[in-house]
Amino acid sequence: MLNAITAGTMLLSSLGAPATGMNTVAPPDDMTISVVSANGSGCPKGSAVVEVSPDNKAFTVSYSKFVAQVGPESGPLDYRKQCQLALNVKIPTGYTYGIARADYRGYARLEKGATASETAFYYFQGMSKTGVSKYQFNGFMDDSWQVTDEVGIEAVTWLPCGSSRYLNINTELKVNRGWSDKTTTSFITMDSSDLNLDTIYRIAWKECPQ
């Protein structure tokens with residue numbers, strides 16, 4: 001059973017106002033995304049994969065090594081894992097895009113007294129970062145989780161028309177043992193090994209003025 005935790009509108013700092021005179025429209029050609037760099041203990045080389053949906057309305061990031069944990073067998077730094085992705089997003093000429101919604105998913109097993117958190121933000125290269133969204137999970141928990149950050153179309157931050165900038169995505173998972181039994185293990189994961197726990201970013205499109 002999915003433990004769904006849904007947030008309201010995520011507060012974003014302005015990265016630049018949308019250009020005037022642009023119409024919301026889906027591009028006729030495909031977008032492509034490649035991972036330029038993946039840095040951090042949560043995404044060792046080759047463990048983060050990006051796929052674009054056939055309708056160009058979303059892209060998915062799949063992780064295979066993104067697990068934070070505390071317990072007898074855990075290392076001193078395993079309680080915190082983070083990943084910074086730099087994505088090269090190629091879009092059709094004459095269009096711009098922004099992130100309208102992000103669905104973060106994973107699994108957590110937390111002993112009673114333990115807590116965990118998921119923190120994320122994204123921004124275009126060379127521009128101010130978005131407001132940070134953070135969610136907390138409390139033990140006892142042994143379930144899938146999902147959190148959603150959604151932005152109204154009027155608040156979407158758009159890539160400036162005609163520019164080429166990497167999209168940077170930063171995510172962190174952290175576990176706090178709290179007053180849980182020290183002989184037990186608690187963990188939170190964004191690991192998508194079951195093929196159903198991917199992180200999904202929903203895209204809004206606009207046509208640039210001629």
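Is R109 buried, partly exposed or exposed? In this predicted model, R109 has a relative accessibility of 25% and is therefore counted as partly exposed. The side chain of R109 meets that of E111 in a salt bridge, with a distance of 2.4 Å from N to O. E111, in contrast to the class given for R109, counts as buried, because its relative accessibility is 18% and the limit for a buried residue is under 20%. The pair thus serves as an introduction to the charged contacts of the structure, which are described next.

The structure holds 7 salt bridges. In general, side chains of opposite charge can pair when their charged atoms come close. One set of such contacts forms a network that links R101, D103, E150 and R202. Within this network, D103 takes part in a salt bridge with R101, the N to O distance being 2.9 Å. D103 also forms a salt bridge with R202, where the closest N and O atoms are 3.0 Å apart. R202 belongs to strand 13 (residues 199–207) and D103 to strand 7, so this pair ties together parts of the chain that are 99 residues apart in sequence. The accessibility of these residues was also computed. D103 is buried, with a relative accessible area of 0%. R101 is partly exposed at 28%, and R202 is likewise counted as partly exposed, at 31% relative accessibility.

The cysteine residues provide a further set of links. The count of disulfides comes to 2. When the bonded cysteines of the chain are numbered in sequence order, the pairing is 1-2, 3-4. One disulfide joins C43 to C83, with an S to S distance of 2.1 Å. This pair connects distant parts of the chain, since C43 lies in the loop between strand 2 (32–39) and strand 3 whereas C83 lies in strand 6, 40 residues apart. The angle about the S-S bond of C43 and C83 is 95 degrees, and the link is right-handed. Both ends of this disulfide are buried: C43 has a relative accessibility of 1%, and C83 has a relative accessible area of 0%.

The other disulfide joins C161 to C208, also with an S to S distance of 2.1 Å. Here C161 is in the loop between strand 10 and strand 11, and C208 is in the segment after strand 13, so that distant parts of the chain, 47 residues apart, are linked. The torsion about the S-S bond of C161 and C208 is about -95 degrees, and the disulfide is therefore left-handed. C161 is partly exposed, with a relative accessible area of 35%, whereas C208 is buried at 10%.

Attention was next given to strand 8. Of the 10 residues of strand 8 (residues 115–124), 9 are buried, so the strand is largely enclosed by the rest of the structure. Strand 8 pairs with strand 9 in the antiparallel sense over 6 bridges. Strand 8 also pairs with strand 11 (residues 167–176), again in the antiparallel sense, over 10 bridges. A116 illustrates both pairings: A116 stands opposite F137 in strand 9 and opposite V175 in strand 11.

Two features of the backbone were examined. Most residues other than glycine have a negative phi, and most peptide bonds are trans. N56 is not a glycine, yet its phi is positive, at about 65 degrees. N56 is situated in the loop between strand 3 (48–52) and strand 4 (58–63), and at 5% relative accessibility N56 counts as buried. A cis peptide bond, with omega of about 10 degrees, joins G139 and F140. F140 is found in the loop between strand 9 (133–138) and strand 10 (141–150).

Finally, the pockets of the model were considered. The largest pocket has a volume of about 220 Å³. This pocket is lined by 17 residues, of which I91, L159, G162, S163 and S164 are the closest to its centre. Strand 6 (80–90) and strand 7 (95–110) each supply at least two residues of the lining, and the largest share, 3 residues, comes from strand 6. By class, the lining of the largest pocket consists of 8 nonpolar, 7 polar and 2 charged residues.

Technical notes:
Residues are numbered from 1 along each chain as its sequence is written. This is a predicted model: local features need pLDDT of at least 70, side-chain atom pairs count only at pLDDT 80 or more; totals for chains, interfaces and linings use all residues. Side-chain values use heavy atoms; hydrogens and water are left out. On a 1 Å grid over the protein atoms alone, a cavity is a set of points where a 1.4 Å probe fits but cannot get out, and a pocket is an open set with protein on both sides within 12 Å along at least five of seven lines; lining residues have an atom within 4 Å of a point. Grid points are joined across faces, edges and corners, and a volume is the space filled by probe spheres set on the points. Helices (H or I, at least four residues) and strands (E, at least two) are DSSP runs, numbered from the N terminus. Ala, Val, Leu, Ile, Met, Phe, Trp, Tyr, Cys and Pro count as nonpolar, Asp, Glu, Lys and Arg as charged, and the others, Gly among them, as polar. Buried means under 20% relative accessible area, exposed over 50%, partly exposed in between (1.4 Å probe, protein chains only). A salt bridge is a side-chain nitrogen of Lys or Arg within 4 Å of a carboxyl oxygen of Asp or Glu. Two strands pair if DSSP finds at least two bridges between them. A disulfide is a pair of cysteine sulfur atoms within 2.5 Å.
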